[in-house]
Every structure is written in structure tokens, then in C-alpha cells.
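User: Hey, got a minute to walk me through this model? I'd like to go over pockets, ring contacts and strands.

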Amino acid sequence: MSLYMDINKEFKNFKLNIKLDLKNEIVGILGYSGSGKSITLKTIAGIINPDWGKIILDNKKLFSSKEKINIPTRKRKVGYLFQDYALFPNLSAIDNIRICLPKERRDEAEEFLKRFHVYDVKDQKPFELSGGEQQRVALSRMICVNPDIILLDEPFSALDSGLKWEIQNEFIKFLKTYNKTTIFVSHDKDEIYRLCDKVAIIDNGSVISYDDKDKIFNHPISLKAAKIIGVKNITTVIRKDDYLYSKDWNTSFDLKENARYVAFKDDIFSLEKGNSYIDFDIENIIEDTKNIILVSKGYNKITATFDKKNIDKSLLERNHKVRLFYDEKNLMTFK
């Protein structure tokens, strides 16, 4: 299966202008809230009609403004997991599956519920289910019809961390057998990286970057793309002789290219080795279950993240300076 779309849609205060050419792969969509991610899925599903353009799924035209083609949603064979799940409120969990299957396949409904660990609540109605259970019933219903394309809008947002990992693993196994185009919208960049082959970044209604996930996350093509993938450390620089200088951080970078900005991820630092360094004035030390996060003083703060297993906490103290080493090959520059 493949998907080609080149569409425009104008709203009162927003314009969608999306062009994508997707093959048989799992594609993640990243972007800020309100950037057009969910609207893009709804145009593919036929819930929102573009003003202009075309949408072609595996050589079948779902929409064409020029040819006046607009296949109804129910005939597009699109598997769409809504953010609010859209379960039938008057039907039990298992009947939400059965109603989507032909009579000769309705006995299979139990297997779909078992796959996503909601068989035990098969006789309960949506209002009797937790948010996570509703989500898993909705996943079961979506895949039971063997859709030609799957559209996922924040599919794991209602699951706690332990169950999320289990369901994601089960879903990855399904997608390997599904072998058709899947589009996955999420605010969670780690989730996108785990599940997807390629990533599209959408900003203000347009695709600003589309590539293999490693290139998107390791070599963003623009400052905007870098911010959307979560790069926090960004500074304006000026050229001084053979180096770039950041007034914000009072730091020089031995870089030959001309650039207006230098950026780097917060996990590039070491306390021991690297071909360059920054003298880091610690304002705050934050811990979570896996990491220690240092935040610097100053207007344009630097964030440095370390794996707790690989760092001696006794070396770190608020209102003290520490020298952080890094390799300049990990720096990003933008004009």
C-alpha cells in the first residue's frame, strides 16, 4: 500500500497545506499542538474535505478536487483511532467489535480483545471501562476490519507506563504482519522513534521535514525542526576570526561554517572526556527515575542530562561550577 496526498484546506485562522508521498511503512508525525497533525489524518479518513488537491491510496483516488471525486468515509477502508475513541456507548466492548465484522467473522471478536488484554471486560459498556480499557477496545475494533491504511492519533496517551509498553510491543508485532501504510501522530518523540520508520514534522499546517527517523532526530534540517524534536540548547552566535562566539553562554565554538545559531542535545556531555568543554554554572539539579538533569544559571539556560548510572552525584552541587566536555561533531548549526 502507498499513500500520496497533496492538499490545501483553509480555515478561519489556519491554512493546511500538506504534501506527502508514503510507501508501505510506519510514518510518525510530530508537531506542536495546533500545527495540523490531527486535521491531516481527518482529511485522509474523509472526515474533513480539502478545498483543493488529491488523496490517492494504493492507486485508488479517495479525493480529487479536479475530478470531483470524494469517496465517503465508510467506503475508504481506513482504520482510524480517534483521540476520544468513538466507541458506541450503548454496546458492550465485544459488541463494539462484532458490529464491524461480517456475520461469518463475528466469532473472531474475542481474539481481538484478547490481543489487547481487554477480554475480561468484554461484556461491559464504554462508560464502565477505564480510559485505557476504552482505548484498547478501540484499537481492537480498528484492526479487526483489516483496513488498507491505519491512522493513529495519540493512541497510547491514556495508558499507564507499564501497560503502555506491553500494548506497544503487541502493536509492533501486529504492524509487522499488517504490512501496509500506518500514520502515527504523537507528542512523544521517544514513542515516535520506537514505533516508526520515517518521520514527518508539521509546523503551521505544512510539512517542513520528512526523512528516515535517524536523520530527523540526529540531523534536523532547520532550527524549527530541531526545536520540535526536543533540542533545548540553542544560542545565537557571531563569527569571530576562526570561531563562532555565543554571548549568552560566553562560549566559543571551533566551527568553520557560517551560522546564526548553534544547538546541541542535552545528552552530549561528559564529566571526563571530549574535545571541547563548557564551564557550567549549576543553578539547579533535577532527578527523575533514570537521569540527573543540570540546569545552568543565566538568561539562556543550558540543560545537561546524565544517566544516573554513569555519574558521581558527589561531583555536582548547586551554585558551583563544573566543566562539561563534549565532542564538537555533536553540535548543530543553523543559518
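User: Let's start with F217: buried or exposed?

Analyst: F217 is buried, at 7% relative accessible area. The cut-offs are under 20% relative accessible area for buried, over 50% for exposed and partly exposed in between, with a 1.4 Å probe and protein chains only.

User: And before I go on, what kind of model is this?

Analyst: It's a predicted model, where local features need pLDDT of at least 70, side-chain atom pairs count only at pLDDT 80 or more, and totals for chains, interfaces and linings use all residues. Numbering starts from 1 along each chain as its sequence is written, and side-chain values use heavy atoms, with hydrogens and water left out.

User: OK, ring contacts. How many aromatic pairs are there?

Analyst: The structure holds eight aromatic pairs. Rings of Phe, Tyr and Trp (its six-membered ring) pair if their centres lie within 6.5 Å; planes under 30 degrees apart are stacked, over 60 edge-to-face, and the rest tilted. One of them is Y193 with F217: the ring centres are 5.5 Å apart and the planes at 75 degrees, so that pair is edge-to-face.

User: What does that pair tie together?

Analyst: Y193 is in helix α6 and F217 in helix α7, so the pair ties together parts 24 residues apart in sequence. Helices (H or I, at least four residues) and strands (E, at least two) are DSSP runs, numbered from the N terminus. Y193 itself is partly exposed, at 32% relative accessibility.

User: Which geometry do Y277 and F325 have?

Analyst: Edge-to-face, with 6.1 Å centre to centre and 65 degrees between the planes. Y277 sits in strand β17 (residues 276–287) and F325 in strand β20 (residues 321–326), so this pair ties together parts 48 residues apart in sequence. Y277 is partly exposed at 41% relative accessibility.

User: Which residues do ring pairs link into a cluster?

Analyst: W249, F264, F269 and Y326.

User: Switching to pockets. How much space lies in the largest pocket?

Analyst: About 840 Å³. Of the 20 lining residues, K189, D190, D266, D267 and N291 are the closest to its centre. The search runs on a 1 Å grid over the protein atoms alone: a pocket is an open set of points with protein on both sides within 12 Å along at least five of seven lines, whereas in a cavity a 1.4 Å probe fits but cannot get out, and lining residues have an atom within 4 Å of a point. Grid points are joined across faces, edges and corners, and the volume is the space filled by probe spheres set on the points.

User: Which element gives the most to that lining?

Analyst: α6, with four residues. The elements giving two or more residues to the lining of the largest pocket are α6 (189–195), α7 (213–218), β18 (291–296) and β19 (303–307).

User: And how does the lining of the largest pocket divide by class?

Analyst: Five nonpolar, four polar and eleven charged. Ala, Val, Leu, Ile, Met, Phe, Trp, Tyr, Cys and Pro count as nonpolar, Asp, Glu, Lys and Arg as charged, and the others, Gly among them, as polar.

User: What about the second largest pocket?

Analyst: About 460 Å³ of space lies there. It has 18 lining residues, and V78, G79, Y80, F82 and R141 are the closest to its centre. By class, its lining has 13 nonpolar, two polar and three charged residues. β7 gives the most to the lining of the second largest pocket, with four residues.

User: Where does F82 lie?

Analyst: In the loop between β7 (78–81) and α2 (93–98). F82 is partly exposed, with a relative accessible area of 28%.

User: Strands next. What joins β1 to β2?

Analyst: A hairpin, through four residues. β1 and β2 (residues 15–22) pair antiparallel over eight bridges, and two strands pair if DSSP finds at least two bridges between them. N8 has N17 in β2 as its bridge partner. β1 (residues 3–10) is also joined to β4 (residues 52–57) by six bridges, again antiparallel, and D6 has K54 as its bridge partner in β4.

User: Last one: which residue in the loop between β10 and β11 should I look at?

Analyst: N204 is in that loop, between β10 (198–203) and β11 (206–212). N204 has a positive phi of about 50 degrees although it's not a glycine. Most residues other than glycine have a negative phi. N204 counts as exposed, at 57% relative accessibility.
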